[in-house]
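Visitor: I would like to learn how to read a fold feature by feature. Could you walk me through one?

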Amino acid sequence: MKKTKTLRVRVRDNHAYLLGQMARQVNYVWNFLNELSLRSVKERGVFMSAYDLQKYTDGAGKLLGLHSHTVQEIGKEYVTRRKQFKKAKLNWRKSGGVRRSLGWIPIKTGASKWKNGQVFHNGHHFKIWDSYDLSKYKFRSASFSEDARGRWYFNVVVDVEAEQSTGTQAVGIDLGCKEAATSSHGDKLLGRNYRTLEAKLGLAQRARNKKRVKAIHAKIVNRRKDGIHKYTSKLVQENAAVFVGNVSSKGLAKTKLAKSVLDAGWGMMKTILEYKCDHAGIVFDEVNEAYTTQACSCCAVIPDSSPKGRTGLGIREWTCSACNTTHDRDINAAKNILAVGLHRLAEGKVATTP
C-alpha cells in the first residue's frame, strides 16, 4: 500500500544567497496579494480566490526570477491561510529586520526533479546532503525553507511503500511533563530538553551571543524530535493499537506549567504518532483521559489516597486504599487510558484501517 511522506534534506550553504534572493521575491508576491485582497474586500466586498489572484500575477515569475508555478502556489497558500485565520488581511512577510520572516519558496508538483545527482528547480541545480537517496523517488509538491540559523532545507512529498506493523499488543500513552510520555508497558520518554540546556542558554543570552543562542535552541529542538521519533517508532513496531490521552497543551500553556508543557512537545508527539500509525496500518485514537490519574487501574475505584488536582502533582507513587495495590502514577494513568481506548474500540467508535 502506497502512502505519501515528506522528506527533509539539508541544502549546501553555498546556495543560501540564491535561495535568499528567491525568498525575498516570494515575500514581495505575498505582500502584493495581501494588499490586493484587502482592497477587493474594502472596495467590492469580495474575497478573491486563488484563481482570481492568479490573473494579477501572470508573467511575474519571469520578472522576479521565480518559477511560474511558485507564484501560483503563493496565491494558493495565501487563500488557504486567509480562510484558516478568517481574516481579510494577513501579516506582511518581512525580508529584513529583527522580525524578518524565515525564507520559504513553495514548489508545485513537476516543478522540481532529481537531475545529475542534485535537485533541479527553476533552471538551477542545488546540492544537498542526500540522506534518503532521492533518486529513488518521483517528486511531488515541495518547498525550500530556512531555519533560524540561516540554514536551508529541501522538503519534498514522495510516495513510499508503507510497511505493515507486526505488533499484536495494545498500548495506552499518558502524557506528562517530567516524563513527556509513559506507556502502559512502563516505557518512558524523558522530557525537559529545554531545562537541561537552560543554564547554557542563559549565559549566551546575557553575553548577547545571538549565534550561540540560536545554536542552543536548535539543539533543544533536535533533541526533542530525536527522542519523540525513536519512542514513537518503537511503539508502532510493537503494537497493533495505540491510545493517547486528549490532554491539551494549549490550555495548560496559559498556566504556571507553561514552560514544562511546551517543553514536552505533546502536540508534536501526537502528530508524529498519528501519521506513523496510519503508515503502519494500526489503530490510533485520542481518548478522554478524565480521572485516569485518580482511578485505580486494578479495581477501577477512585480512592481517597489517589493524587487529585494540581496539589497532587508531586505524588509520583501511591497505594490504593480499596485494593491495597501500589501504583506508579503515570503507568496507572496509561493503563486506564488503554482501558478506555479498548472499550471505544469494542463499541466500534474507533476507525480501523481496512
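**Reading the fold step by step**

Guide: Let us start with strand β2, where Trp104 and Pro106 point one way while Ile105 and Ile107 point the other way, and all are buried. Please keep in mind that this is a predicted model.

Visitor: What is the general idea behind side chains pointing two ways?

Guide: In a regular strand, side chains alternate between the two faces of the sheet. In β2, Trp104 and Pro106 form one set and Ile105 and Ile107 the other.

Visitor: With which strand does β2 pair in the antiparallel sense over 4 bridges?

Guide: The partner of β2 is β6, and the two are antiparallel. To find the register, look at Ile107, which stands opposite Ala142 in β6.

Visitor: What is the strand order of the open sheet of 4 strands?

Guide: The order is β1-β7-β6-β2, with antiparallel pairing. At the edges stand β1 (2-10) and β2 (104-107); each has a single partner strand, so one side of each lacks a neighbour in the sheet. On average, neighbouring strands here are turned by 20 degrees against each other, direction ignored.

Visitor: Over how many bridges do β1 and β7 pair?

Guide: Strand β1 and strand β7 (residues 152-161) pair over 9 bridges, in the antiparallel sense. A useful landmark is Thr6, whose bridge partner in β7 is Val157.

Visitor: Which strands does α1 lie across?

Guide: Helix α1 lies across β2, β6 (142-146) and β7. Relative to β2, α1 runs at about 80 degrees.

Visitor: And how do I describe a pair of helices?

Guide: Two packed helices are described by the angle between their axes and the distance between the axes. Here, helix α1 (residues 16-44) packs with helix α4 (residues 68-85) at an angle of about 50 degrees, and their axes are 10 Å apart. That angle makes α1 oblique to α4. The crossing in which α1 passes α4 is right-handed.

Visitor: Which residues make the contact between α1 and α4?

Guide: From α1 come Val26, Val29, Trp30, Leu33, Asn34 and Ser37. From α4 come Thr70, Val71, Ile74, Gly75, Glu77, Tyr78, Arg81 and Arg82. Sorted by class, the contact of α1 with α4 has 7 nonpolar, 4 polar and 3 charged residues.

Visitor: Let us turn to another sheet. What is the strand order in the open sheet of 3 strands?

Guide: That sheet has the order β3-β4-β5, again with antiparallel pairing. Its edge strands are β3 (112-115) and β5 (124-126), each pairing on one side only. Neighbouring strands of this sheet are turned by 35 degrees against each other on average, direction ignored.

Visitor: How many bridges join β4 and β5?

Guide: Strand β4 (residues 118-121) pairs with β5 over 3 bridges, in the antiparallel sense. Across this pairing, Phe120 stands opposite His125 in β5.

Visitor: I would also like to look at backbone angles. Which sign does the phi of Asp133 have, positive or negative?

Guide: Asp133 has a positive phi of about 55 degrees, although Asp133 is not a glycine. You will find Asp133 in the loop between β5 and β6. With a relative accessibility of 35%, Asp133 counts as partly exposed.

Ala300 is worth viewing too: phi is near 65 degrees there, a positive value in a residue other than glycine. Ala300 lies in the loop between β12 (283-287) and β13 (317-319).

Visitor: Is Ala300 buried or exposed?

Guide: Ala300 is exposed, because its relative accessible area is 63% and the cut-off for exposed is over 50%.

Visitor: Where is Glu198 placed?

Guide: Glu198 is in helix α6 (residues 198-206). With a relative accessible area of 27%, Glu198 is partly exposed. Glu198 and His217 are 19 residues apart along the chain, and their C-alpha atoms are separated by 9.6 Å.

Visitor: Finally, how many helices and strands are there in the protein?

Guide: The protein has 11 helices and 14 strands. Its C-alpha trace spans about 75 × 55 × 50 Å along the principal axes. Of the 354 residues, 43% are buried. Among contacts between residues at least 6 apart in sequence, 67% join residues at least 24 apart.

Note on methods:
Residues are numbered from 1 along each chain as its sequence is written. This is a predicted model: local features need pLDDT of at least 70, side-chain atom pairs count only at pLDDT 80 or more; totals for chains, interfaces and linings use all residues. Side-chain values use heavy atoms; hydrogens and water are left out. Two strands pair if DSSP finds at least two bridges between them. Axes are lines fitted to C-alpha atoms, for helices over the stretch in contact, and angles run from 0 to 180 degrees between N-to-C directions. Angles under 35 degrees count as roughly parallel, over 145 as roughly antiparallel, 65 to 115 as roughly perpendicular and the rest as oblique. A crossing is left-handed if the near helix is turned anticlockwise from the far one by less than a right angle, and right-handed if clockwise. Contact means heavy atoms within 4.5 Å. Ala, Val, Leu, Ile, Met, Phe, Trp, Tyr, Cys and Pro count as nonpolar, Asp, Glu, Lys and Arg as charged, and the others, Gly among them, as polar. Buried means under 20% relative accessible area, exposed over 50%, partly exposed in between (1.4 Å probe, protein chains only).
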